[in-house]
There are 2 protein chains.
Amino acid sequence: MPFGRRGTGKPTINDVARLSGVSKKTVSRVINRSPLLNDETRRRVLEVISDLGYVPNPQARALALRTNFLIGLIHDNPNAQMVLNVQQGILEALQGTDFEMIVRPVDRGSAAMLDDVRHFLERQRLYGVILLPPISENDALARLCDEVGCRYVRMGSAELDDPDHMVASNDREAVRGATAYLIEQGHRSIGLIAGPHGFRSATERRQGFEDALAEAKIKLPRSLIAEGNYTFASGLAAAEKLLDLSPRPTAIFASNDEMGAAVVHAARQRGIDVPEQLSVIGFDDTPISAHIWPPLTTVRWPIVSMARSAALKLLVSVGGAEAEADVSEPSMFLSTLVKRASVTPPKT
Amino acid sequence: MPFGRRGTGKPTINDVARLSGVSKKTVSRVINRSPLLNDETRRRVLEVISDLGYVPNPQARALALRTNFLIGLIHDNPNAQMVLNVQQGILEALQGTDFEMIVRPVDRGSAAMLDDVRHFLERQRLYGVILLPPISENDALARLCDEVGCRYVRMGSAELDDPDHMVASNDREAVRGATAYLIEQGHRSIGLIAGPHGFRSATERRQGFEDALAEAKIKLPRSLIAEGNYTFASGLAAAEKLLDLSPRPTAIFASNDEMGAAVVHAARQRGIDVPEQLSVIGFDDTPISAHIWPPLTTVRWPIVSMARSAALKLLVSVGGAEAEADVSEPSMFLSTLVKRASVTPPKT
DNA sequence: TTGTAGGCGTTATCAA
DNA sequence: TTGATAACGCCTACAA
């Protein structure tokens, strides 16, 4: 009779202990890979565990350890595709571990946001959380995680924190390169659709854009800068503003693909051919950039890898610990330019 | 001194019991809204709870109740936008409850899939799960949920289960309507890009398409049917096949927006104007349908509402129970045609 | 290297 | 209507 009570339940640590003739604690040590354990004992216990198909109960562990085996994803819905890519990366990292992913959208803007998150973290006792931009840029949020004793990793477009708590891309440099490419092609009048005020990514990308123009000694009239909020609709409005200019810019850099797609859309709407009469570059390399016509030149943001890395940073020190200490996860990722049909030299 | 031990911890049920001069069990009754409770006692306990800011510990509850306060989303990544919309719907339903959402992608195709899911459900002891298509169409999976005692709701394109375990849309009828619209416009040679073999949604949509043609007594040569797997790339290949036909169809119905966008893309690539020379209809009303040029006529699938409803079905009977018994969630949702610029009467 | 006793914070049983 | 006591399944101290 392998099980303690009713046949309904799955085997517990007690069953394992009894059948292998050791104490619960010893079984616990095996489960948690305690170093001080007789090899023979360990082997015997592992055998019983395998025979029984025993799996430790996560709820009980959570209660005893005061921490759940869950990784949280906290975000403020920056962009659908991005959230999904991040989830994919996290799940790849969690694959094969005991961890699961729990998703928690929050409302930046809401005054109660910090309290909500604190409440959430204190209640759920997550093992760690991953913070997505733009909310990851909020320092108070990071401090909050520290306060409640929850590991965290922030994702962002620039160095936001120390390497253990951050995974970033080099947006500024990437956009500088993309803009330089437009200049190389011969463009001199280049419009910018900036991201929303207050977003670090928006600032970084804008600075990269300005860096490139400054290097080429091209001056940038304010009229060539329009602001969007990373949505298609806002990109449309910004694009219309730029396309109404006279003379019209021969190229536009949009701070993300949604807005880049909107530029193409707006151009077509008023009979402006892309790329013959207007070159366009986006940012993110989301599916839409490859699916519209013409396919959009864009900056590939290695978001899936970043998310995977962020999750791995959280998990380091889980099983046995020191082994992976020196194989530390990178905290800086490079974005690269993806050249597609939406850019050509200007025709004038 | 409100707390039992170290100041580090949050108040527990013991603190509440002591301060309100009742037993733990009574406090527990208050928390769980037990009906047999003296009003005065309840009031006093609630007051202490509120004063202390006491919140029950979910880990302890999970252990004692043998069920977590988590709703799982199990999917096989049918489509990025869809997964995200579903998450949004679920989270809307969970808003303000004690429940959180946990996301679990699985690998249909993998022989170990069912075992994986069983393992997952048995370990995590979820309160309930929501199954997304196409994996929701797998009856063995539904039976599995029953076996391990986990509530479930399946989402799909047709009635897959009894109303308590299902939320469905009427794809067949919706596609019949969309196709009839093409016929009304004068189209007689209409191509179909079907969904992948073995998907219920693919079958339903195809049948709706055939229903409309049959009603109008238009016969459908096999050459006008191409099959894709709901991805942009597969849509491209299917579109090329149809556009190479001679005579070329004057309209194409694609079984989802990704493939519809691919039709537009392929047409542009070979200089075929949409909608002047080719009308296109998609399905889903995902963002891309509105963002490409021309905007795609499509079928709006109320996926967010469906997901919200699915989650609510799971939660029914949680707090107090009977109250909401008659306000039962709908299990059938209607899709509607969204007319945009990608359809015009044929020019010949 | 291993075991014993007790705790984690809640709910269930059953008697009062 | 309420309370004492024992689960739930695991882990930490401390002792051996």
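## A walk along the DNA and through chain A

Start with DNA strand D: of its atoms within 4 Å of the protein, 65% belong to sugar or phosphate and the rest to bases. You're looking at a predicted model, where local features need pLDDT of at least 70, side-chain atom pairs count only at pLDDT 80 or more, and totals for chains, interfaces and linings use all residues. Residues are numbered from 1 along each chain as its sequence is written, chains are lettered from A and ligands numbered from 1 in the order in which they are written, and side-chain values use heavy atoms, with hydrogens and water left out.

**Stop 1: around strand D**

Select the 29 residues around DNA strand D (a residue is near a strand if one of its heavy atoms lies within 4 Å of it). A:Ile13, A:Lys25, A:Tyr54, B:Thr26 and B:Thr41 come nearest. Now zoom in on the phosphates of strand D. An N or O atom in the side chain of A:Tyr54 is 2.6 Å from a phosphate oxygen; for B:Thr26 that distance is 2.5 Å, and for B:Thr41 it is 2.4 Å.

Next, colour helices H2 (24–31) and H4 (58–65) in both chain A and chain B: each supplies at least two residues of the surface near strand D. (Helices are DSSP runs of H or I with at least four residues, numbered from the N terminus.) H4(A) gives the largest share, 5 residues.

**Stop 2: over to strand C**

Here 28 residues surround DNA strand C, and the closest are A:Thr26, A:Thr41, B:Ile13, B:Ser28 and B:Tyr54. Show the side chain of A:Thr41: one of its polar atoms lies 2.3 Å from a phosphate oxygen of strand C. B:Ser28 has a side-chain N or O atom 2.7 Å from a phosphate oxygen of this strand, and a polar side-chain atom of B:Tyr54 also lies 2.7 Å from one. Which helix supplies the largest share of the surface near strand C? That's H4(B), with 4 residues.

**Stop 3: two domains of chain A**

Leave the DNA and select 67–169 + 306–330 as domain 1 of chain A, then 171–301 as domain 2; such bounds come from an automatic or database domain assignment. Their centres, taken over C-alpha atoms, are 30 Å apart. Domain 1 puts 12 residues into the contact and domain 2 puts in 13 (contact means heavy atoms within 4.5 Å).

How many salt bridges does the rule find across this interface? The count is 0, where a salt bridge is a side-chain nitrogen of Lys or Arg within 4 Å of a carboxyl oxygen of Asp or Glu.

Notes
A polar contact is a pair of N or O atoms within 3.5 Å; within protein, one must be able to donate a hydrogen and the other to accept it, and residues adjacent in sequence count only if both atoms are side-chain atoms.
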